[in-house]
Amino acid sequence: MRMPTFLPAFPTSVRPLVLGTLLAMVAGATGCNNTEPGVKDKFPFRDAWRTEIDTDFPYLDGEGNAQILSIDIGGRVFNDNFANRGDVIVKFDGPDNRIKVEVRRFTFATSADEAMAEFEKMWLWAYAENPDSPKPPRPDDENLEPPPDPADESLNCENGWLDGCGIRLYYYGQAQPARAGADIRVTLPASYRHRVDITTEDNSFDDDYLDRGNVCVENANQSALNITTESGLVYVIGSRDLTPGPLCSADQIAQCENFEKDGQPAAWDPTCPCQAFGSMNLSTFDSGAANMTIDVPGDLWASMNLQNEDSPEAAAMCTATIDPALNPVIDSGTADVPYKARGEINHPSDAAIDGGGFNIQMSSAQCSLIAFTEDPDDYVGKDNGLDQPTELRGNLEVCSGCIAGKTCADLLPWTN
């Protein structure tokens, strides 16, 4: 894996973002909050977005057969390394047969020079190996000793995408600093229909700077979309062309919608040609309290299960909502429970199975008041963590039209 390429000058987007930091850098001061002489305060720094990969993505062969069946994006810390701890943006609006991966690094440092030195140790990891137990990449720089167990370069996805490629961050050093990570933005072809797994966690080592790991997906139309996060915000904007079976052909969908049995309408009868129903599964880690929203087309046949898994007393502060405008048929077991919602929308006919169609699962482990700082510009300073904004998180929603037409840049403006 090549070393990241950096601009010759430190970009304006990477700067000490508090006036006190600027003064400390210029004057060489140690900072007013230090109790130990000669120790400087550290502040959050964020790099500019940089394109790390822009390469071939051979999704379909000449006969229309899928060659890439899954993609993993992001991951939790592994062996004191490989943690992105940031926002993940995935956009399905790119050209066919192309993938672009952009990375925006961040860290805590006493100066811009120190931050840049940290950024130079953060590499994009993109290999067709198990992303849950990644191996260190092999550096191309002759002056760097390769890690003891380098990744197989034949599985390197940088120069042409392979099935099962994972995208992670790798820190070249003894151990990844606890406050260092990166935001990841991936642009995939609009035609991609197969599995995508997204994982991120919070950048929360410092109580004064609780930078949550948020996820946003535009134009989602996958057979399986799995998102796991901690206490961030999660937005999924479903494609307006989303069907119960994203891997089914347009002809198969039409046959199922117009299916007849014994001369009578029987839309989506279990014997119709398309039975490969798609799914979205959004969840948090055990301690997570995330707000999640999925926007789907109003005519989609789908079954849904939304649940805040905290204790009933705590969960009761949060809501799980299926948009009434979708005319859902709500399971009686959750009808009077504000933090649970099981239901089905647009059941196509008596012949279709109950609980079928596109499957949506949403769960938050907790319902809790969450402090957050999304942008280094908003850093409250050392020992001022209680000044961060807070929000009740653990709320879950499936809607139609509430975020459609928006972009991830609209929903997460600090990712611009």
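The following exchange examines a predicted model, moving from its sheet to its cores, disulfides and two individual residues.

Biologist: In what order do the 10 strands of the open sheet stand?

Modeller: The sheet is open, and its pairing is mixed. Strands of a sheet pair through backbone hydrogen bonds, either parallel or antiparallel. The order is β6-β7-β3-β9-β11-β15-β21-β17-β20-β19.

Biologist: Which strands of this sheet have one side left without a neighbour, and why?

Modeller: A strand at an edge has a single partner strand, so one of its sides is left without a neighbour in the sheet. The strands in that position are β6 (122-127) and β19 (329-330).

Biologist: Which residue of β7 stands opposite Asp72?

Modeller: Strand β3 covers residues 70-73 and strand β7 covers residues 166-171. The two run parallel and are joined by 2 bridges. Opposite Asp72, the residue in β7 is Gly166.

Biologist: Which strand contributes the largest share of the largest nonpolar core?

Modeller: This core holds 66 residues, and Ile73, Trp161 and Ile198 touch the most other members. The largest share amounts to 5 residues. Those residues come from strand β5 (residues 98-109).

Biologist: Which residues does Trp161 touch, if residues up to four places away in sequence are not counted?

Modeller: Trp161 is one of the core residues that touch the most other members. With residues up to four places away in sequence left out, its contacts include Thr55, Asp56 and Pro58. The complete set is Ile53, Thr55, Asp56, Phe57, Pro58, Ile68, Ile71, Ile99, Ala126 and Ile167.

Biologist: How many residues make up the second core?

Modeller: This core is separate from the largest one. Among its members are Cys248, Phe259, Ala267 and Trp301. Its residue count is 11.

Biologist: What arc do the buried residues of helix α2 cover around the axis?

Modeller: Helix α2 spans residues 112-119, and its buried residues are Ala112, Ala115, Met116, Glu118 and Phe119. The arc they cover is narrow enough to put them on the same side of α2. An α-helix has 3.6 residues a turn, so residues three or four places apart point the same way. The arc around the axis is only 160°.

Biologist: How many disulfides does the structure hold, and what pattern do they follow?

Modeller: A disulfide is a covalent bond between the sulfur atoms of two cysteines. The structure holds 6 of these links. With bonded cysteines counted along the chain, the pattern is 1-2, 3-12, 4-7, 5-6, 8-9, 10-11.

Biologist: How many residues apart are Cys216 and Cys408?

Modeller: The two cysteines are joined by a disulfide with an S to S distance of 2.2 Å, and the link is left-handed, with -85° about the S-S bond. Cys216 is buried at 0% relative accessibility, and Cys408 is buried at 1%. The pair links distant parts of the chain, with Cys216 in strand β10 (residues 215-220) and Cys408 in helix α5 (residues 408-411). Their separation along the chain is 192 residues.

Biologist: Is the link of Cys248 and Cys274 left-handed or right-handed?

Modeller: The sulfur atoms of this disulfide lie 1.9 Å apart, and both cysteines are buried. The angle about the S-S bond is 75°. The link is right-handed.

Biologist: Is Cys402 buried, partly exposed or exposed?

Modeller: Cys402 forms a disulfide with Cys399, their sulfur atoms being 1.8 Å apart. The torsion about that S-S bond is about -55°, so the disulfide is left-handed. Cys399 is buried at 0% relative accessibility. The relative accessibility of Cys402 is 32%, and since buried means under 20% and exposed over 50%, Cys402 counts as partly exposed.

Biologist: What distance separates the C-alpha atoms of Val234 and Leu396?

Modeller: Val234 lies in strand β12 and is buried, with a relative accessible area of 1%. Among the residues it touches beyond four places in sequence are Val215, Leu282 and Met292. Leu396 is 162 residues from Val234 along the chain. Their C-alpha atoms are separated by 9.5 Å.

Biologist: Which backbone oxygen does the side chain of Asn395 reach?

Modeller: Asn395 lies in the loop between β23 (390-393) and β24 (396-399). Leaving aside neighbours within four places in sequence, Asn395 is in contact with Ala290, Asn291, Met292, Cys318 and Thr319. Its side chain also reaches a backbone oxygen at 3.3 Å, that of Leu392.

Conventions:
Residues are numbered from 1 along each chain as its sequence is written. This is a predicted model: local features need pLDDT of at least 70, side-chain atom pairs count only at pLDDT 80 or more; totals for chains, interfaces and linings use all residues. Side-chain values use heavy atoms; hydrogens and water are left out. Two strands pair if DSSP finds at least two bridges between them. Helices (H or I, at least four residues) and strands (E, at least two) are DSSP runs, numbered from the N terminus. A nonpolar core is a set of buried Ala, Val, Leu, Ile, Met, Phe, Trp, Tyr and Cys residues joined through side-chain atoms within 4.5 Å. Buried means under 20% relative accessible area, exposed over 50%, partly exposed in between (1.4 Å probe, protein chains only). Contact means heavy atoms within 4.5 Å. The arc is that of the directions from the helix axis to the C-beta atoms. A disulfide is a pair of cysteine sulfur atoms within 2.5 Å. A polar contact is a pair of N or O atoms within 3.5 Å; within protein, one must be able to donate a hydrogen and the other to accept it, and residues adjacent in sequence count only if both atoms are side-chain atoms.
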